Amino acid sequence: MKKLLLFNILCCFSLLGFAQQKGEWRARLRATAVVPDASAAISTIGGSADISNTVIPELDFTYFLFDRVSANLILGTTKHKVTAKGTALGDVDLGKVWLLPPTLTFLYHQPVGKGILPYVGAGVNYTIFYGVKEGPAIADISYKNKFGFATQLGVDINISKKWFINIDAKKIWLKTENTVTTVPEVAGGATVYADTKINPWLFSVGAGFKF
């Protein structure tokens, strides 16, 4: 019985050696697949939107406010090709645009075993559109910067006291408002308006460091 009690105590100390603590920082570098779930309501010519998938490097920082609650700041930027699909003018290449979507989430972490730390949470995103390059039939296109809601879940798996592997998934409810003007040779330089939902999924895997 004494040996069993000693073994349990040693296991607890071993777990504590890998546990997160208030005031701890974690940084992660991940490869992230950005998969938009896009749609749009386009005035006059109808149709919807298609936004290309992409893979990007993503960096995040986590600070533990309490032993199991953290604030998480996610940083990355993505470039997408945008197409208006099924309009009265057919499929229209709207060009390319960069998105800068810093996202702040608050996460709850629940240890499930030695060095295995799942988390789940939610927060807010603000997306800035920049670097717009119009398609060949487009004279001008604008994107309105917007706030959105974000959810996140994932797991950190320790490989040492300082380093860990991370698997992560996020969903961002993101929409924007567009004004699109064609070149004079296409529909006489018409201007249309669109409410576009981007709503991307982000699937990530990478490595992290505690400090």
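I'll start with Ala 38, which, leaving aside its neighbours within four places in sequence, is in contact (heavy atoms within 4.5 Å) with Ala 49, Ile 51, Lys 197 and Ile 198. This is a predicted model, in which local features need pLDDT of at least 70, side-chain atom pairs count only at pLDDT 80 or more, and totals for chains, interfaces and linings use all residues. Residues are numbered from 1 along each chain as its sequence is written, and side-chain values use heavy atoms, with hydrogens and water left out.

Back to Ala 38. The residue sits in the loop between β1 and β2; strands here are DSSP runs of E, at least two residues, numbered from the N terminus. From Ala 38 to Ile 51 the C-alpha distance is 6.2 Å, with their positions 13 residues apart in sequence. Is Ala 38 buried or partly exposed? Ala 38 counts as partly exposed because its relative accessibility is 22%, where buried means under 20%, exposed over 50%, and partly exposed in between, with a 1.4 Å probe and protein chains only.

Next, the core. A nonpolar core is a set of buried Ala, Val, Leu, Ile, Met, Phe, Trp, Tyr and Cys residues joined through side-chain atoms within 4.5 Å. The largest one has 25 residues, and Ile 42 and Leu 94 touch the most other members. At least two residues each come from β2, β3, β6, β7, β10 and β14, with β7 giving the most, four. Apart from neighbours within four places in sequence, the contacts of Ile 42 include Gly 47, Ala 84, Thr 87 and Val 192.

Now the cavities. On a 1 Å grid over the protein atoms alone, a cavity is a set of points where a 1.4 Å probe fits but cannot get out, and lining residues have an atom within 4 Å of a point. Points are joined across faces, edges and corners, and a volume is the space filled by probe spheres set on them.

How many cavities of 30 Å³ or more does the whole structure hold? The search finds two. The largest has about 250 Å³ of space. Its lining has 28 residues, with Val 82, Ala 84, Leu 94, Ile 141 and Val 180 nearest the centre. By class, that lining has 22 nonpolar, six polar and no charged residues, with Asp, Glu, Lys and Arg counted as charged, Ala, Val, Leu, Ile, Met, Phe, Trp, Tyr, Cys and Pro as nonpolar, and the others as polar.

The second largest cavity has about 170 Å³. Of its 19 lining residues, Val 34, Thr 78, Pro 101, Ile 172 and Leu 202 lie nearest the centre. Two residues of this lining are charged, five polar and twelve nonpolar.

Methods. On a 1 Å grid over the protein atoms alone, a cavity is a set of points where a 1.4 Å probe fits but cannot get out, and a pocket is an open set with protein on both sides within 12 Å along at least five of seven lines; lining residues have an atom within 4 Å of a point.
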